[in-house]
Amino acid sequence: MTRPAMLPPIGLRLARTARVVSQAFERAMADAGGSASTWQVLVLIRSQKWGNQAEMAEALGITGATLTHHLNAMESQGLVRRWREASNRRVQQVELTEEGTAMFDRLRGAAVAFDDQLRSGLGDDETAQLAELLEKLQAGVQAP
């Protein structure tokens, strides 16, 4: 299959689009009083679908040191509470505080509004097709 001669490489177009969308999402999160990073950490903590901090960092696609940096900042802002298990001092637990839950709710509203805006030019079939195509692109670059 040959690609049309007039179109730039799909990887370049995807990278540009990802950058524009990421910057717009970051602005939406900032307007709501947070950041995309804070939102991602809050979502993971709220879901309670992670084990230890290393698993949490892996789920976010960041290093343990970066996660520690985020959690330290969030703890100093009063968004999360951390403690160590008495039975295993190596395991650190994290939960949202009341302020963290309020931030989660505020950022969730902004994230939903942003997603609605992002999808506004697409129909349901196009949205489903885009999701499928993005999965194919990702699979094409991942190691077997």
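This note goes through the model point by point, from confidence to packing to single residues.

1. Basis. The model is predicted; local features need pLDDT of at least 70, side-chain atom pairs count only at pLDDT 80 or more, and totals for chains, interfaces and linings use all residues. Residues are numbered from 1 along each chain as its sequence is written, and side-chain values use heavy atoms, with hydrogens and water left out.

2. Confidence. pLDDT is the predictor's confidence in each residue, from 0 to 100. Its mean over the protein chain is 90, and 96% of the residues reach 70 or more. Among the elements, helix α5 (residues 98-119) has the highest mean, 97, and β2 the lowest, 84. Helices (H or I, at least four residues) and strands (E, at least two) are DSSP runs, numbered from the N terminus.

3. Helices α3 and α4. Two packed helices are described by the angle between their axes and the distance between the axes. For α3 (residues 53-60) and α4 (residues 64-76), the axes come within 9 Å and cross at roughly 100°. Axes are lines fitted to C-alpha atoms, for helices over the stretch in contact, and angles run from 0 to 180 degrees between N-to-C directions. The two helices are therefore roughly perpendicular (65 to 115 degrees; under 35 is roughly parallel, over 145 roughly antiparallel, the rest oblique).

4. Their contact. Gln53, Met56, Ala57 and Leu60 of α3 meet Gly64, Leu67, Thr68 and Leu71 of α4. Contact means heavy atoms within 4.5 Å. The residues divide into five nonpolar, three polar and no charged. Here Ala, Val, Leu, Ile, Met, Phe, Trp, Tyr, Cys and Pro count as nonpolar, Asp, Glu, Lys and Arg as charged, and the others, Gly among them, as polar.

5. Asparagine 72. This residue also belongs to α4. Its relative accessibility is 40%, so it counts as partly exposed (buried is under 20% relative accessible area, exposed over 50%, partly exposed in between; 1.4 Å probe, protein chains only). The C-alpha atoms of asparagine 72 and alanine 57 are separated by 14 Å, at 15 residues apart along the chain.

6. Strands. β1 (residues 80-84) and β2 run antiparallel, joined by five bridges. Two strands pair if DSSP finds at least two bridges between them. Arginine 84 stands opposite glutamine 92 of β2.

7. Faces of β2. In a regular strand the side chains alternate between the two faces of the sheet. Strand β2 (residues 92-96) shows alternation: Gln92, Val94 and Leu96 point to one face and are buried, while Gln93 and Glu95 point to the other and are not.

8. Glutamate 95. At 32% relative accessibility, this residue is partly exposed. Leaving out residues up to four places away in sequence, glutamate 95 touches Ile45, Leu79, Val80, Arg81 and Trp83. Lysine 136 is 41 residues from glutamate 95 in sequence and 35 Å away in space, C-alpha to C-alpha.

9. Serine 35. Its place is the loop between α1 (10-31) and α2 (36-47). Serine 35 is buried, at 18% relative accessible area. Neighbours within four places in sequence aside, serine 35 is in contact with Glu26, Met29 and Leu107.

10. Glycine 109. This residue sits in helix α5. Glycine 109 is partly exposed at 40% relative accessibility. Its C-alpha atom is separated by 25 Å from that of leucine 134, 25 residues apart along the chain.
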